[in-house]
Amino acid sequence: MIHKIQAIGSLVVLAAGIAYAAPQMGTQYSHSELQAMIRGARSTQQYQQLATYFRSRQQSLEQQAQAEKAEWERRSQSNAGAAQKYPRPADSSKNRFEYFAYEADQMGQQAEHYESLTASAAPSAVK
């Protein structure tokens, strides 16, 4: 009976992982495609495309961070005994929250960088 419960719990965790891994917004590029886009970016349109990509990744990661924060708060409510082993489920959720928040910040910085390049690459209309 315990093995069945553990198997069901494993399936729930797997399904949650797949839901996190599913693209939330926009186009997903492979690492090599993204690196090629970054190396080849010279025009305003290419910089804007990169900025848009990084903003969508930032928003996706922020959504994941908020979901993980809610899970962290939910798991923190149950203190099932003083002799819990580390890492507790709440600790794992906290670590995932911090990871998603950090990655979202990094994506935001990348987006800001390409937005500034877009602005500087655009021909100035005012003379």
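**Exercise 1. A salt bridge in α3**

Find the residue whose side chain meets that of Arg-75 in a salt bridge, and say how far apart the two residues are along the helix.

*Solution.* Start with the side chains. Arg-75 meets Glu-71 in a salt bridge, at 2.9 Å from N to O. This is a predicted model, so the values are computed from predicted atoms. Next, count along the chain. Arg-75 and Glu-71 both sit in helix α3, four residues apart, so about one helical turn separates them. Last, check the exposure of the arginine. Arg-75 has a relative accessible area of 24%. The partly exposed class runs from 20% to 50%, so Arg-75 is partly exposed.

**Exercise 2. From pair to network**

Which residues do shared salt-bridge partners join into one network? Look also at the bridge between Asp-91 and Arg-88.

*Solution.* Take Glu-71 again. Glu-71 also forms a salt bridge with Arg-74, with the closest N and O atoms 2.5 Å apart. Glu-71 and Arg-74 are three residues apart in α3, so about one helical turn lies between them. Arg-74 is exposed, because its relative accessible area of 52% is over the 50% cut-off.

Now turn to the other bridge. Asp-91 pairs with Arg-88, and their closest N and O atoms are 3.5 Å apart. Asp-91 is buried, at 14% relative accessible area. Arg-88 is partly exposed, at 29%. Shared partners link Glu-71, Arg-74 and Arg-75 into one network. The whole structure holds six salt bridges.

**Exercise 3. The chain and its helices**

How many helices and how many strands does the chain have? Then compare the lengths of α3 and α4 with what is expected at 1.5 Å a residue.

*Solution.* Count the elements. The chain has four helices and zero strands. From the N terminus, the order is α-α-α-α.

Now take α3. This helix covers residues 44–77, which is 34 residues. Its first and last C-alpha atoms are 49 Å apart, close to the expected 50 Å. Then take α4. Its 33 residues should span 48 Å, and its end C-alpha atoms are 48 Å apart, so the two values agree.

**Exercise 4. The nonpolar core**

Which residues have the most contacts inside the largest nonpolar core? Which helix supplies its largest share?

*Solution.* Begin with size. The core has 16 residues. Leu-34, Leu-50, Phe-54, Leu-61 and Tyr-114 have the most contacts inside it. Next, trace the sources. Helices α2 (31–40), α3 and α4 (89–121) each give at least two residues to this core. The largest share comes from α3, with seven residues. A general tendency fits here: in soluble globular proteins, nonpolar side chains tend to be buried together.

Now look at the buried residues of each helix. In α3 they include Tyr-47, Leu-50, Phe-54 and Leu-61, but also Gln-58 and Glu-68. In α4 they include Phe-97, Phe-100, Met-107 and Tyr-114, but also Asp-91 and Thr-118. Helices α2 and α3 are among what covers the buried residues of α4. For the chain, buried residues make up 20% of its 127 residues.

**Exercise 5. Around Tyr-114**

Leaving aside neighbours within four places in sequence, which residues does Tyr-114 contact? Which rings form a cluster with Tyr-114?

*Solution.* List the contacts. They are Ile-38, Tyr-47, Leu-50, Ala-51 and Phe-54. Then follow the rings. Ring pairs join Tyr-114 with Tyr-29, Tyr-47, Tyr-53 and Phe-54 in a cluster. The count of aromatic pairs is six.

**Exercise 6. Far in sequence**

How far apart in space are Gln-110 and Phe-54, and Arg-42 and Leu-117?

*Solution.* Take Gln-110, which is in α4. Gln-110 is partly exposed, with a relative accessible area of 33%. Gln-110 and Phe-54 are 56 residues apart in sequence, and their C-alpha atoms are 6.4 Å apart.

Now take Arg-42, in the loop between α2 and α3. Arg-42 is exposed, at 62%. Arg-42 and Leu-117 are 75 residues apart in sequence, with 9.4 Å between their C-alpha atoms.

Finish with the chain. Take its contacts with a separation of 6 or more: 68% of them join residues 24 or more positions apart. The chain exposes about 9100 Å², and carbon and sulfur atoms supply 57% of that area.

Conventions:
Residues numbered from 1 in each chain as written. Predicted model: local features only at pLDDT ≥ 70, side-chain atom pairs only at ≥ 80, totals over all residues. Heavy atoms only, no water. Expected span 1.5 Å × (residues − 1). Buried < 20%, exposed > 50% of the residue type's maximum accessible area, 1.4 Å probe, protein only. Core = buried A, V, L, I, M, F, W, Y, C linked by side-chain atoms within 4.5 Å. Contact = heavy atoms within 4.5 Å. Phe/Tyr/Trp six-rings, centres within 6.5 Å; stacked < 30°, edge-to-face > 60°. Areas by Shrake-Rupley, 256 points an atom, 1.4 Å probe, with all protein chains shown as cover. Salt bridge = Lys/Arg side-chain N within 4 Å of Asp/Glu carboxyl O.
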